[in-house]
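Open the model in your viewer and keep the sequence panel beside it. The tour below says what to select at each stop and what is found there.

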Amino acid sequence: MSRQANIDEEVNGRISKASSAFGRLRRNVWDRRGIKLSTKLKVIHTLIEKAQARWAGHVRRMNDSRIPKMLLYGELAEGKRLAGRPKLRFKDSLKATLKSLSIPVENWEDAATDRHHWRRLVHQGADAERRRINLAVSKREARKAREKNPSLQPPPEHKCDVCGRCFRARIGLVSHTRTHKD
Ligand SMILES: [Zn+2]
């Protein structure tokens, strides 16, 4: 296969992956009512981070003569920035991405040499991030529902034996109980 055909295939593959991911995203998040725009953007941000981390791993495993790799590493070796270059370089934004995917920044390059290992790390990080976002959304939805219909209020589970006051969390009761001991 020619180099151009290779590149075409890679680009097409990436586009179709991206559009099926966006299709899923539309169904699950974007078209859903009652989700804040900021949450939708967070979900999209996670997808972008995932793509960036996977791309970084791909570049890391590239032959040293490939242009993306030279761009990624060249600047480091030169130690200076080309004029007119945006301030936030790929390396910097990759750092932030790895952080939010809970991937150690110091040795990401070692981790990325194994494609399957890297893929797993990126997936796990993105899943964890998605869970955090989902948790925040469902907490918010539950709160909204309780505000509309106070009878939905969950019964407090931790009741003080002395004064009958109730606490949602056990730790609340524990510290409250101390006040009776004075
Ligand atoms: Zn009490």
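How many salt bridges does the structure hold? It holds 2. Before visiting them, note that this is a predicted model, and take a look at the whole chain.

**Stop 1: the whole chain**

Colour the protein chain by secondary structure. There are 7 helices and 2 strands. Read from the N terminus, the order of the elements is α-α-α-α-α-α-β-β-α. The chain has 182 residues, and 21% of them count as buried. Among contacts between residues at least 6 apart in sequence, 44% join residues at least 24 apart.

Now colour by pLDDT, the predictor's confidence in each residue. The mean for the chain is 80, and 84% of the residues reach 70 or more. Select helix 3 (residues 67-78), where confidence is lowest, with a mean of 62. Then select helix 5, where it is highest, at 94.

**Stop 2: the salt bridges of helix 6**

Side chains of opposite charge can pair when their charged atoms come close. Select Asp127 and Arg130. They form a salt bridge, and their closest N and O atoms are 2.4 Å apart. The two residues are 3 apart in helix 6 (residues 115-148), so about one helical turn separates them. Asp127 is partly exposed, with a relative accessible area of 31%. Arg130 also counts as partly exposed, at 31% relative accessibility.

Move along to Arg143 and Glu147. Their side chains meet in a salt bridge at 3.9 Å, N to O. This pair is 4 residues apart in helix 6, so again the separation is about one helical turn. Are the two residues buried or exposed? Arg143 is partly exposed, with a relative accessible area of 41%, while Glu147 is exposed, at 56%.

**Stop 3: a charged residue without a salt bridge**

Stay in helix 6 and select Glu129. Glu129 is buried yet has no salt bridge. Which side chain of opposite charge is nearest to it? That is Arg132, 4.9 Å away. A salt bridge needs a nitrogen and a carboxyl oxygen within 4 Å, so Glu129 and Arg132, at 4.9 Å, do not count as one. Next, show the contacts of Glu129. Leaving out residues up to four places away in sequence, Glu129 touches Thr46, Glu49, Ser100 and Leu101.

**Stop 4: a backbone angle in a loop**

Select Ser102, in the loop between helix 4 (90-100) and helix 5 (108-112). Most residues other than glycine have a negative phi. Ser102 is not a glycine, but its phi is positive, at about 55 degrees. At 54% relative accessibility, Ser102 counts as exposed.

**Stop 5: the zinc ion**

Finally, select the zinc ion. Which protein atoms are its donors? They are SG of Cys160, SG of Cys163, NE2 of His176 and NE2 of His180, at 2.0 to 2.3 Å from the ion. Along the chain, the donors follow the spacing C-x2-C-x12-H-x3-H. Cys160 lies in the loop between strand 1 (158-159) and strand 2 (166-167), and His176 lies in helix 7 (residues 170-179), so this pair ties together parts that are 16 residues apart in sequence. Both Cys160 and His176 are buried.

Display the angles at the ion. What is the geometry of the site? The site is tetrahedral, and the angles among its 4 donor atoms run from 101 to 119 degrees. For comparison, the ideal angle for four tetrahedral donors is 109.5 degrees.

Note on methods:
Residues numbered from 1 in each chain as written. Heavy atoms only, no water. Donors = N, O, S within 2.8 Å, 3.2 Å for Na, K, Ca; no water. Tetrahedral: all angles 85-135°; square planar, octahedral: opposite > 155°, others 65-115°. Buried < 20%, exposed > 50% of the residue type's maximum accessible area, 1.4 Å probe, protein only. Lys, Arg positive; Asp, Glu negative; His and termini not counted. Contact = heavy atoms within 4.5 Å. pLDDT = per-residue confidence, 0-100.
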